[in-house]
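User: I would like a close look at one part of this model, with the reasoning spelled out. Please keep to what the coordinates support.

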Amino acid sequence: MANDVVDVEMKTSTDRLVMHVLYGLHTLAWFSAGTFAVVALIINYLRRADESATLYVDHHTYMIATFWWTLVWLVLLSPLWLLFGIPGAMAYTIVWLWYLYRCLKGWMRFNNNRFP
């Protein structure tokens, strides 16, 4: 893979802080029954619409996609949990671990000015 470190346009420290807060909200969604993720998702959509820096747009898109794919898998697996109990709970745990992995991976890459 080519060097994917980018020169970020003139972004303020507030812009970077907002991205870190959004990644933090997504990452801590576990502890809020998903409420933090929904709040972050709304802000992701709003901020992405006004964003010009490709790095920031890509990270907003990454967080949005991570949220929606997680929700799709949780909905698809809900009958498994309801019908079979423990195996369904294990499947949910795998989805949540995948979500956590995506959040942490994206957050670390953003911190290093890299594309997700």
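Which backbone oxygen does the side chain of Arg-109 reach? Please go on from there to the surroundings in the helix that holds Arg-109.

Analyst: The model is a predicted one. In it, the side chain of Arg-109 reaches the backbone oxygen of Phe-115, at 2.6 Å. Arg-109 is placed in helix α4. Its relative accessibility is 18%, so Arg-109 counts as buried; the cut-off for that class is under 20%.

Next come the aromatic rings. Searching the whole structure gives six aromatic pairs. In one of them, the ring centres of Tyr-23 and Phe-110 are 6.5 Å apart and the planes meet at 35 degrees, so this pair is tilted. The pair joins distant parts of the chain, since Tyr-23 belongs to helix α1 and Phe-110 to helix α4, 87 residues apart. Tyr-23 and Phe-110 are both buried.

Another pair is made by Trp-96 and Tyr-99, with 5.6 Å from centre to centre and 85 degrees between the planes, an edge-to-face arrangement. Here both residues sit in helix α4, three residues apart, or about one turn of the helix. An α-helix has 3.6 residues a turn, so residues three or four places apart point the same way. The exposure of the two rings' residues is as follows. Trp-96 has 22% relative accessibility and therefore counts as partly exposed. Tyr-99 has 2% and therefore counts as buried.

Ring pairs also link Tyr-23 and Phe-110 with Tyr-56 and Trp-107 into a cluster. Tyr-56 has a charged neighbour: Lys-11 lies over the face of its ring, 4.6 Å from the ring centre.

Helix α4 (86–111) also takes part in the packing around helix α2. The buried residues of α2 pack against α4, and against α1 (13–27) and α3 (54–84). Helix α2 runs over residues 35–49, 15 in number, and spans 22 Å from first C-alpha to last, close to the 21 Å expected at 1.5 Å a residue. Its buried residues are Ala-37, Ala-40, Leu-41 and Asn-44. Viewed down the axis of α2, these fall within an arc of 110 degrees, so they line one face of the helix. On the other side of α2, Leu-46 and Ala-49 are exposed.

To return to the starting point, buried Arg-109 has its side chain at 2.6 Å from the backbone oxygen of Phe-115.

Terms used:
Residues are numbered from 1 along each chain as its sequence is written. This is a predicted model: local features need pLDDT of at least 70, side-chain atom pairs count only at pLDDT 80 or more; totals for chains, interfaces and linings use all residues. Side-chain values use heavy atoms; hydrogens and water are left out. Helices (H or I, at least four residues) and strands (E, at least two) are DSSP runs, numbered from the N terminus. The expected span of a helix is 1.5 Å times one less than its number of residues. Buried means under 20% relative accessible area, exposed over 50%, partly exposed in between (1.4 Å probe, protein chains only). The arc is that of the directions from the helix axis to the C-beta atoms. Contact means heavy atoms within 4.5 Å. Rings of Phe, Tyr and Trp (its six-membered ring) pair if their centres lie within 6.5 Å; planes under 30 degrees apart count as stacked, over 60 as edge-to-face and the rest as tilted. A charge sits over a ring if NZ of Lys or CZ of Arg is within 6 Å of the ring centre and within 35 degrees of the ring normal. A polar contact is a pair of N or O atoms within 3.5 Å; within protein, one must be able to donate a hydrogen and the other to accept it, and residues adjacent in sequence count only if both atoms are side-chain atoms.
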